[in-house]
Amino acid sequence: MKNSTLLFRSLAIVILIAGCAHLVTYASKNSGYNYKTEDVITEDIISENEKTYDQNTDFITGKWKVTYNSKVFKGSIVYEIKKEGSRFNAYTSQYLDEKGNSQKAEGDKALIIKSFDGYRGDGTYRIEHEGEIYNVECTINMLDENTFELKYDYYGYSDMEIWKRN
């Protein structure tokens with residue numbers, strides 16, 4: 001066999017092997033069953049980034065105290081606001097009467113903040129009246145980093161609460 005024939009056959013085999021490798025790689029990328037390590041790492045990084053702190057909005061998380069002075073309840077309720085996905089939810093944490101006695105709360109969800117830009121927000125406030133629970137649309141207006149007002153209006157009954165960081 002001549003040297004040129006041997007060279008061309010060897011070159012053809014190398015091209016055939018490289019072409020098959022590229023074809024298999026291309027097919028695995030488009031099959032939906034790609035288990036490459038770099039993809040798993042990328043998903044982990046995205047998950048971690050979703051858990052990062054957003055200083056423009058996440059400062060609202062933590063414990064907040066609201067003082068009430070009505071016929072039904074005189075004292076304060078401490079709520080804990082937690083970030084859950086893209087929303088903030090407030091749960092009852094503690095009840096304080098006017099004499100300073102405290103009782104741990106059941107952890108009921110009291111407020112769902114659907115949107116919040118760091119200054120204003122919209123959500124749903126859960127009000128209990130005569131044994132019934134009502135979901136009422138509300139607005140949030142930050143007064144400073146440690147105080148916000150929550151306003152709601154429900155069938156002509158409107159109210160405003162001041163929430164202070166606890």
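Start by selecting Met160, which you will find in strand 9, the stretch of residues 157–165. Keep in mind that you are looking at a predicted model.

**Stop 1: a patch on the outside**

Is Met160 buried or exposed, or something in between? Its relative accessibility is 39%, so Met160 counts as partly exposed, since that label covers values between 20% and 50%. Now add Leu143 and Ile162 to your selection. Together with Met160 they make up a nonpolar patch on the surface, and the three share about 250 Å² of accessible area.

**Stop 2: the whole chain**

Zoom out and colour by secondary structure. You should see two helices and nine strands in the protein chain. Following the chain from the N terminus, the order of elements is α-α-β-β-β-β-β-β-β-β-β. Of its 166 residues, 26% count as buried. The accessible surface adds up to about 12,300 Å², and carbon and sulfur atoms account for 52% of that. If you look at contacts between residues at least 6 apart in sequence, 28% of them join residues at least 24 apart.

**Stop 3: into the core**

A general point helps here: in soluble globular proteins, nonpolar side chains tend to be buried together. Select Ile60, Tyr79, Leu111, Tyr125, Phe148, Leu150 and Trp163. These are the residues with the most contacts inside the largest nonpolar core, which has 24 residues. Several strands each supply at least two residues of this core, among them strand 1 (62–69), strand 2 (74–84) and strand 8 (147–154).

**Stop 4: Phe148 and its neighbours**

Next, centre the view on Phe148. Which residues does Phe148 touch, leaving aside those up to four places away in sequence? The list includes Ile60, Trp64, Ile81, Ile140 and Trp163. Leu143 and Ile162 are also on it, and you met both of them in the surface patch.

**Stop 5: stacked rings**

Show the side chains of Phe148 and Trp163; both residues are buried. A pair of aromatic rings is described by the distance of the centres and the angle of the planes. The model has ten aromatic pairs. In one of them, Phe148 and Trp163 are stacked, with 5.2 Å from centre to centre and 25° between the planes. Phe148 sits in strand 8 and Trp163 in strand 9, so this pair ties together parts that are 15 residues apart in sequence.

To finish, add Trp64, Tyr79, Tyr125 and Tyr152 to the view: ring pairs link these four with Phe148 and Trp163 into a cluster.

Methods
Residues numbered from 1 in each chain as written. Predicted model: local features only at pLDDT ≥ 70, side-chain atom pairs only at ≥ 80, totals over all residues. Heavy atoms only, no water. Patch = residues over 30% accessible without salt bridge, like charges linked within 9 Å, V, L, I, M, F, W, Y side chains within 5 Å. Areas by Shrake-Rupley, 256 points an atom, 1.4 Å probe, with all protein chains shown as cover. Salt bridge = Lys/Arg side-chain N within 4 Å of Asp/Glu carboxyl O. Helix = DSSP H or I, 4+ residues; strand = E, 2+ residues; numbered from the N terminus. Buried < 20%, exposed > 50% of the residue type's maximum accessible area, 1.4 Å probe, protein only. Core = buried A, V, L, I, M, F, W, Y, C linked by side-chain atoms within 4.5 Å. Contact = heavy atoms within 4.5 Å. Phe/Tyr/Trp six-rings, centres within 6.5 Å; stacked < 30°, edge-to-face > 60°.
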